[in-house]
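Here are my notes on the model you sent round. Please read them with the structure open.

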Amino acid sequence: MTATRPIALPETLAAGDAWRVSAMLPLYAPADGYTATLFLRGPSTLNLPGEAGPDGAWVFVLSAANSAGAQPGLYAARIRVVKDGTPTTIGATSITVAPNFEHVGPDQLLTHEEKCLPLLEAAIAKRITVDLVSYQIINRSATKEQLTDMQRLLEKYRETVRVLHGGEDGFFRTFSVTF
């Protein structure tokens, strides 16, 4: 067994998109009789057979139709080459598969903070009318969260969501798109 080394692959791929990933592996060139496969293991199992690219790099391709069923999450990625029946794992990394945007529901892309905001608001509204902080029944006690602590958490979550949606200055975030 040989030691694997980190390989440079995309950090994120989106389910439902066509994937084309290339890796330059000069010691394991297709012209030298090697075959290569990119294995992804996580919520789904994906195997992308390698093809020889024009510049000598390995190219791993998955069609949009085949990637559409990939479950979102973190995947362990390994490239394995085979020559004369002998497999060798030559690189390891991790890749995040983003959800298939075409099929996500309105709440599936919410962050933890976005999901908790309405719950915190409801809890605070109820706490204002019911000011019981702790109670004890037959040697068992329970303590509720202090109202000030809940309000601090609410403000922290509101700020996180505001920055997420509008940026620090309240304007929309910008991001680069390449064609």
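The points below go from the overall fold to single residues.

1. **Status and make-up.** This is a predicted model. The protein chain holds three helices and ten strands. Read from the N terminus, the order of elements is β-β-β-β-β-β-α-β-β-α-β-β-α. The chain thus opens with a run of strands and ends on a helix.

2. **Burial and surface.** The protein chain has 179 residues, and 27% of them count as buried. Its accessible surface is about 12,300 Å². Carbon and sulfur atoms account for 56% of that surface.

3. **Contact range.** How much of the contact set joins residues at least 24 apart? Take contacts in the protein chain between residues at least 6 apart in sequence: 59% join residues at least 24 apart.

4. **Strand β4 and its partners.** Strand β4 covers residues 35–41. It pairs with strand β7 (residues 73–83) in the antiparallel sense, over seven bridges. In that pairing, R41 stands opposite A76 of β7. Strand β5 (residues 45–52) also runs antiparallel to β4, and five bridges join the two. Here T37 has P49 of β5 as its bridge partner. The link from β4 to β5 is a hairpin of three residues.

5. **The two faces of β4.** Which residues of β4 lie on the covered face, and which on the uncovered one? A36, L38 and L40 make up the covered face. T35, T37, F39 and R41 make up the uncovered face. In a regular strand, side chains alternate between the two faces of the sheet. Two residues already named for their bridges, T37 and R41, belong to the uncovered face.

6. **Aromatic pair.** A search of the whole structure turns up one aromatic pair. The partners are Y28 and Y34. A pair of aromatic rings is described by the distance of the centres and the angle of the planes. For Y28 and Y34, the centres are 5.2 Å apart and the planes stand at 85°. The pair counts as edge-to-face because the angle is over 60 degrees.

7. **Salt bridges, overview.** The whole-structure search finds four salt bridges. Points 8 to 10 take up examples from helix α3, which spans residues 147–166.

8. **D149 and R152.** These two form a salt bridge, with the closest N and O atoms 3.0 Å apart. Both lie in helix α3, three residues apart, which is about one turn of the helix. Are the partners buried or exposed? D149 has 30% relative accessibility and so counts as partly exposed. R152, at 57%, counts as exposed.

9. **E155 and R158, with E121.** The side chains of R158 and E155 meet in a salt bridge at 3.1 Å, N to O. The two are three residues apart in helix α3, so about one helical turn separates them. R158 is partly exposed because its relative accessibility is 37%. E155 is also partly exposed, at 45%. The picture widens beyond the pair: E121, E155 and R158 are linked in a network of salt bridges.

10. **E159 and R162.** R162 forms a salt bridge with E159, and the closest N and O atoms are 2.8 Å apart. These residues are three apart in helix α3, so about one helical turn lies between them. R162 has a relative accessible area of 35% and is therefore partly exposed. E159 is partly exposed with a relative accessible area of 35%.

11. **A123 in helix α2.** A123 sits in helix α2 (residues 112–129). Its relative accessible area is 29%, so A123 is partly exposed. A123 and Q151 are 28 residues apart in sequence. In space, their C-alpha atoms are 10.0 Å apart.

12. **N100 in a loop.** Where is N100 found? N100 is in the loop between β8 (86–98) and α2. Why does this loop residue count as buried? N100 has 11% relative accessibility, and buried means under 20%. Leaving out residues up to four places away in sequence, N100 touches A15, G16 and A68.

Terms used: Residues are numbered from 1 along each chain as its sequence is written. This is a predicted model: local features need pLDDT of at least 70, side-chain atom pairs count only at pLDDT 80 or more; totals for chains, interfaces and linings use all residues. Side-chain values use heavy atoms; hydrogens and water are left out. Rings of Phe, Tyr and Trp (its six-membered ring) pair if their centres lie within 6.5 Å; planes under 30 degrees apart count as stacked, over 60 as edge-to-face and the rest as tilted. Helices (H or I, at least four residues) and strands (E, at least two) are DSSP runs, numbered from the N terminus. Buried means under 20% relative accessible area, exposed over 50%, partly exposed in between (1.4 Å probe, protein chains only). Contact means heavy atoms within 4.5 Å. Accessible areas come from the Shrake-Rupley method with a 1.4 Å probe; for residues, only the protein chains shown count as cover. Two strands pair if DSSP finds at least two bridges between them.
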